[in-house]
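This report describes one protein chain, beginning with a helix and moving on to the core and the charged pairs. Please keep the structure in view while reading.

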Amino acid sequence: MVTGRWKDIGKFKGPVLRALAARGPFFHDGSAATLADVIRFYDTRFQARFTEEEKTDLLAFLQAL
């Protein structure tokens, strides 16, 4: 729906997040066993600087999907 052209509808499909917590391990190489490991990776690697409360909230949100 970005371009408004009928021929472009359905050309891009984003990842499905339903039941995300049940589909570990995560990453292409399985290096993150849990969603908490994923959050820790992004917090460290990309210097997201999440507070402990934000990490807890993000984990709860991802587990609720």
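Phe41 lies in helix 1, which spans residues 35-45. The model is a predicted one. Phe41 counts as partly exposed because its relative accessibility is 35%, between the limits of 20% for buried and 50% for exposed. Together with Phe27, Tyr42 and Phe46, Phe41 makes a nonpolar surface patch of about 380 Å².

**The two sides of helix 1**

Which residues of helix 1 are buried? They are Leu35, Val38, Ile39 and Asp43. These residues sit on the same side of helix 1, because they cover an arc of only 130° around the axis. Helix 2, residues 52-64, is part of what covers them. The face of helix 1 turned away from the buried side carries Thr44 and Arg45, which are exposed. Just after helix 1 comes Gln47, with a positive phi of about 50°.

**The nonpolar core**

Three of the buried residues named above, Leu35, Val38 and Ile39, also belong to the largest nonpolar core. This core has 7 residues, and the others are Leu20, Phe26, Ala32 and Leu62. Helix 1 gives the most to the core, with 3 residues. Leu20 is in contact with Phe26, Leu35, Leu62 and Leu65, leaving aside its neighbours within four places in sequence.

**Salt bridges**

Side chains of opposite charge can pair when their charged atoms come close. The structure holds 5 salt bridges, and the table gives some of them, with the distance between the closest N and O atoms.

| Salt bridge | N to O distance |
|---|---|
| Arg5 and Asp8 | 3.9 Å |
| Asp8 and Lys11 | 3.7 Å |
| Asp43 and Lys55 | 3.1 Å |

The pair of Asp43 and Lys55 links distant parts of the chain: Asp43 is in helix 1 and Lys55 is in helix 2, 12 residues apart. Why does Asp43 count as buried? Its relative accessibility is 14%, and buried means under 20%. Asp43 thus appears on the buried side of helix 1 and also in a salt bridge with Lys55.

Arg5, Asp8 and Lys11 are linked in a network of salt bridges. In this network, Asp8 pairs with Arg5 and also with Lys11. Is Lys11 buried or exposed? Lys11 counts as exposed, because its relative accessibility is 63%, and exposed means over 50%.

Conventions
Residues are numbered from 1 along each chain as its sequence is written. This is a predicted model: local features need pLDDT of at least 70, side-chain atom pairs count only at pLDDT 80 or more; totals for chains, interfaces and linings use all residues. Side-chain values use heavy atoms; hydrogens and water are left out. Patches are made of residues with over 30% relative accessible area and no salt bridge: like charges are joined within 9 Å, nonpolar side chains (Val, Leu, Ile, Met, Phe, Trp, Tyr) within 5 Å. Accessible areas come from the Shrake-Rupley method with a 1.4 Å probe; for residues, only the protein chains shown count as cover. A salt bridge is a side-chain nitrogen of Lys or Arg within 4 Å of a carboxyl oxygen of Asp or Glu. Helices (H or I, at least four residues) and strands (E, at least two) are DSSP runs, numbered from the N terminus. Buried means under 20% relative accessible area, exposed over 50%, partly exposed in between (1.4 Å probe, protein chains only). The arc is that of the directions from the helix axis to the C-beta atoms. Contact means heavy atoms within 4.5 Å. A nonpolar core is a set of buried Ala, Val, Leu, Ile, Met, Phe, Trp, Tyr and Cys residues joined through side-chain atoms within 4.5 Å.
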